[in-house]
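Here is a short report on how one protein chain is packed. Keep the structure open while reading.

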Amino acid sequence: MTNYVIGFLRPDVSGEQWQQDEARIHTLAEKRGWSVVLVYFGDPKRPGAVINRLMNLAYAECVNEVIAPSADHFEPDDLPALVKIADVICADTGTRYTIPTNDAPQSPPKPAAAGGR
């Protein structure tokens with residue numbers, strides 16, 4: 001069974017390397033046997049709307065993971081909100097952010113051990 005994922009990047013963070021960052025998203029997904037259903041390019045002129053749109057896309061596409069080039073592509077409060085919908089994996093480090101299962105619900109997301117949700 002194929003796992004479907006969404007890619008996310010902000011062109012303002014990637015700069016001229018945005019195509020390489022998009023390729024890293026696809027490469028990581030391919031290595032894990034996942035299919036990228038779409039890559040969402042966040043608009044820096046709409047900071048609050050970016051995370052809301054990404055969360056809506058993740059929910060609507062029923063994905064379990066969102067892959068970004070790095071954590072730098074998110075605003076400070078984005079990861080705690082997004083991991084309520086899907087895990088976030090950073091292509092640069094392979095770090096997976098997920099909701100901690102043993103902590104209080106208001107705790108910030110923590111990197112999880114590689115390999116599972």
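In this predicted model, the largest nonpolar core has 20 residues. Those with the most contacts inside this core are Ile-6, Phe-8, Leu-54, Val-66, Phe-74, Leu-82 and Val-88. Five elements each supply at least two of its residues: β1 (3–9), α3 (47–60), β3, α4 (78–82) and β4. Helix α3 gives the most, with six residues. Another core, of eight residues, lies apart from this one. Val-5, Ile-25, Leu-28 and Ala-29 are among its members.

Val-88 deserves a closer look. Leaving aside neighbours within four places in sequence, Val-88 is in contact with Val-66, Phe-74, Leu-79, Leu-82, Val-83, Thr-95, Arg-96 and Tyr-97. Two of the residues with the most contacts inside the core, Phe-74 and Leu-82, are thus on this list too.

Now the strand that holds Val-88. Strand β4 spans residues 87–90, and both of its faces are covered. Asp-87 and Ile-89 are buried on one side. Val-88 and Cys-90 are buried on the other.

Strand β4 pairs with two strands, as follows.

| Strand paired with β4 | Direction | Bridges | Residue facing Ile-89 |
|---|---|---|---|
| β3 (residues 65–68) | parallel | four | Ile-67 |
| β5 (residues 96–98) | antiparallel | two | Arg-96 |

Ile-89 therefore appears in both rows: it is the bridge partner of Ile-67, and it stands opposite Arg-96 in β5. β4 and β5 form a hairpin, with five residues between them. In the turn, Gly-94 has a positive phi of about 80 degrees.

Next, the aromatic rings. A pair of aromatic rings is described by the distance of the centres and the angle of the planes. How many aromatic pairs are there? The count comes to three, taking ring centres within 6.5 Å as the limit. One of them joins Trp-18 and Phe-41. Their ring centres are 5.8 Å apart and their planes stand at 80 degrees, so the pair is edge-to-face. The cut-off for that class is over 60 degrees.

This pair links distant parts of the chain. Trp-18 sits in helix α2 (residues 18–31) and Phe-41 in strand β2 (residues 34–41), 23 residues apart. Are these two residues buried, partly exposed or exposed? Trp-18 has 32% relative accessibility, so it counts as partly exposed. Phe-41, at 32%, also counts as partly exposed.

Phe-8, Tyr-40 and Phe-74 form one aromatic cluster. Phe-8 and Phe-74 are also among the residues with the most contacts inside the largest nonpolar core.

Terms used. Residues are numbered from 1 along each chain as its sequence is written. This is a predicted model: local features need pLDDT of at least 70, side-chain atom pairs count only at pLDDT 80 or more; totals for chains, interfaces and linings use all residues. Side-chain values use heavy atoms; hydrogens and water are left out. Rings of Phe, Tyr and Trp (its six-membered ring) pair if their centres lie within 6.5 Å; planes under 30 degrees apart count as stacked, over 60 as edge-to-face and the rest as tilted. Buried means under 20% relative accessible area, exposed over 50%, partly exposed in between (1.4 Å probe, protein chains only). Two strands pair if DSSP finds at least two bridges between them. A nonpolar core is a set of buried Ala, Val, Leu, Ile, Met, Phe, Trp, Tyr and Cys residues joined through side-chain atoms within 4.5 Å. Contact means heavy atoms within 4.5 Å.
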